Amino acid sequence: MYSKRLKENGLLNYIGGSEYNFRIETAEENILQDYERLLKEAGIVNVDETYSGHQTHSTNVVYVDKTDGKSFLIGKQFSDTDGLITNSKNKALLIKFADCTPVVLFDPVENVQALLHSGWRGTVGQLSKLA
């Protein structure tokens with residue numbers, strides 16, 4: 001597990017590890033428990049909303065705000081999305097990855113963060129440049 005807090009702006013990134021299962025197909029009844037455990041272990045206490053993407057190895061990036069996303073077991077989810085970007089405070093962005101690359105982008109001037117799931121298709125499609 002990896003956790004890093006950047007105190008000057010409150011940004012926290014946390015990699016939970018393989019002991020969590022956020023796949024709706026295999027762990028629907030345990031997703032909420034795993035999510036709550038993840039937040040507790042990461043030390044995250046003030047989350048207004050949680051956002052995730054139904055990852056499809058695309059180059060699709062969405063801007064996260066309070067009005068978008070479809071209600072999901074944990075917060076809101078965007079369909080066909082491998083990138084989440086926000087400048088809002090107290091938002092948890094959640095991506096899953098196994099053999100794909102997680103990418104975290106942060107602009108300290110504008111306080112904008114992007115969290116990307118970049119497999120080979122996303123890498124070839126330059127997902128990081130789109131965010």
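Which share of the contacts with a separation of 6 or more comes from residues 24 or more positions apart? In this protein the share is 51%, where a contact means heavy atoms within 4.5 Å.

## What you are looking at

This is a predicted model, so local features need a pLDDT of at least 70 and side-chain atom pairs count only at pLDDT 80 or more, while totals for chains, interfaces and linings use all residues. Residues are numbered from 1 along each chain as its sequence is written, and side-chain values use heavy atoms, with hydrogens and water left out.

The protein has three helices and 10 strands. Both kinds of element are DSSP runs numbered from the N terminus: helices are H or I with at least four residues, and strands are E with at least two. Starting at the N terminus, the elements go β-β-α-β-β-β-β-β-β-β-β-α-α.

Now for the surface. Of the 131 residues in the protein, 36% are buried. Here, buried means under 20% relative accessible area, exposed means over 50%, and partly exposed is in between, using a 1.4 Å probe and protein chains only. The accessible surface adds up to about 8,100 Å², and 50% of that belongs to carbon and sulfur atoms. Those areas come from the Shrake-Rupley method with a 1.4 Å probe; for residues, only the protein chains shown count as cover.

## The sheet from S4 to S9

One open sheet has four strands in the order S4-S7-S10-S9, with mixed pairing. S4 (61-63) and S9 (101-107) are the edge strands, each with a single partner strand, so one side of each has no neighbour in the sheet. On average, neighbouring strands here are turned by 15° against each other, direction ignored. For such angles, axes are lines fitted to C-alpha atoms (for helices over the stretch in contact), and angles run from 0 to 180 degrees between N-to-C directions.

Two strands count as paired if DSSP finds at least two bridges between them. S4 and S7 (residues 83-86) pair in the parallel sense over three bridges, and valine 62 has leucine 84 in S7 as its bridge partner. S9 and S10 run antiparallel and are joined by seven bridges; proline 102 is matched there with histidine 117 in S10.

Take a look at glutamine 113 too. This residue sits in S10 (residues 112-118) and counts as buried, because its relative accessibility is 12%. Glutamine 113 and isoleucine 85 are 28 residues apart in sequence, yet 5.6 Å apart in space, C-alpha to C-alpha.

## The sheet from S5 to S8

Another open sheet of four strands runs in the order S5-S6-S3-S8, again with mixed pairing. Its edges are S5 (70-71) and S8 (91-94), each with a single partner strand, so one side of each is left without a neighbour in the sheet. S5 pairs with S6 (residues 76-78) in the antiparallel sense over two bridges, and lysine 70 has glutamine 77 in S6 as its bridge partner.

S3 (residues 49-53) and S8 run parallel, joined by four bridges. Glutamate 49 finds its bridge partner in lysine 91 of S8. In a regular strand the side chains alternate between the two faces of the sheet. In S8, Lys91 and Leu93 point one way while Ala92 and Leu94 point the other way, and all are buried.

## A salt bridge in H1

How many salt bridges does the structure hold? There is one, counting a side-chain nitrogen of Lys or Arg within 4 Å of a carboxyl oxygen of Asp or Glu. The side chains involved are those of arginine 37 and aspartate 34, at 3.0 Å from N to O.

Both residues belong to helix H1 (residues 24-42), three residues apart, or about one turn of the helix. Arginine 37 is partly exposed, at 31% relative accessible area, whereas aspartate 34 is buried, at 11%.

## Two positive phi angles

Most residues other than glycine have a negative phi. Asparagine 111 is not a glycine, but has a positive phi of about 55°. You'll find asparagine 111 in the loop between S9 and S10, a hairpin with four residues between the strands. At 39% relative accessibility, asparagine 111 counts as partly exposed.

Glutamine 126 also has a positive phi, near 55°. Glutamine 126 lies in the loop between helix H2 (120-124) and helix H3 (127-130) and is partly exposed, at 43% relative accessibility.
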